[in-house]
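Biologist: I'm new to this one, so could you take me through a single part of it up close? Pick one spot and stay with it for a while.

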Amino acid sequence: SLVERSQQLHELDPERVVVKLPLTRAGIRAAAVLRVAGLRRKQPIRLCMTVCYSATQGFAAAGLGAEYIAPYLGRLNDTGRDGLRECDHLRAAVGGDARGAPR
């Protein structure tokens, strides 16, 4: 499962490993389980949420404690949307700049 594999990866090097999960229903459920597990152990599991197509998804990822959010700029543009504008909306939704630092 996503949760089991993520925990195995995390255990390789908890300080340096960042687990990558998609912003799908399964990925969001896994991230929620991993967040609770990390809080219980007082050792958060570092997360990168990928396949982000909207500010709403990015906001959900931030709420799950994701350290990184990976929008798919090229795919956004391929669908006829303005990918850079969507990324700007994403950045504004999570309150950070491109490096994740608060404004």
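Modeller: Let's start with V94: setting aside neighbours within four places in sequence, V94 touches G58, F59, A62 and I69. This is a predicted model, by the way. V94 sits in helix α5, and with a relative accessible area of 35% V94 is partly exposed. Along the chain, V94 and A61 are 33 residues apart, yet from C-alpha to C-alpha they are 8.9 Å apart in space.

Now widen the view to the two helices. Helix α3 covers residues 55–63 and helix α5 covers residues 83–94. Their axes come within 8 Å and cross at roughly 35 degrees, and that crossing is right-handed. On the α3 side, the residues that meet α5 are A55, G58, F59 and A62; on the α5 side, the partners are H89, L90, A93 and V94. Sort this contact by class and you get six nonpolar residues, two polar ones and no charged ones.

Stay with α3 for a moment, and ask which of its residues are buried. They are A55, G58 and A61. Look down the axis of α3 and these buried residues fall within an arc of 115 degrees, so they line one face of the helix. Go round to the face turned away from that buried side and you find the exposed residues T56 and F59. F59, then, is exposed, and F59 is also one of the α3 residues that meet α5. What lies over the buried residues? The cover includes α5, along with the strands β2 (47–52) and β3 (68–71). After α3 comes G65, and its phi is positive, near 85 degrees.

Since β2 has come up, let's look at the cysteines. C48 has a relative accessibility of 15%, so C48 counts as buried. The cysteine sulfur closest to that of C48 belongs to C52, and at 10.0 Å the two are too far from each other for a bond. C87 is a bit of a contrast: at 21% relative accessibility, C87 counts as partly exposed, because buried means under 20%. For C87, too, the closest cysteine sulfur is in C52, at 7.9 Å, which is again too far for a bond. A disulfide would need the sulfur atoms within 2.5 Å, and by that rule the count of disulfides is zero.

One more stop, in helix α1, which spans residues 2–12. H10 is in this helix, and so is S6. H10 counts as buried, at 1% relative accessibility, and S6 counts as buried as well, at 4%. Where do their contacts lie, once neighbours within four places in sequence are left aside? H10 is in contact with V17, V19, R41, Q43, P44 and I45. S6, for its part, is in contact with V19, L21 and L34. So V19 turns up on the list for H10 and on the list for S6.

To come back to where we began, keep V94 in view: it belongs to α5, and among its contacts are G58 and A62, both of them on the α3 side of the helix pair. If you turn the model to look down α3, you can pick out A55, G58 and A61 as the buried residues, with T56 and F59 exposed on the face turned away.

How values were computed: Residues numbered from 1 in each chain as written. Predicted model: local features only at pLDDT ≥ 70, side-chain atom pairs only at ≥ 80, totals over all residues. Heavy atoms only, no water. Axes fitted to C-alpha atoms, helices over the stretch in contact; angles between N-to-C directions. Helix = DSSP H or I, 4+ residues; strand = E, 2+ residues; numbered from the N terminus. Left-handed = near helix turned anticlockwise from the far one by under 90°. Contact = heavy atoms within 4.5 Å. Nonpolar A, V, L, I, M, F, W, Y, C, P; charged D, E, K, R; others polar. Buried < 20%, exposed > 50% of the residue type's maximum accessible area, 1.4 Å probe, protein only. Arc of directions from axis to C-beta.
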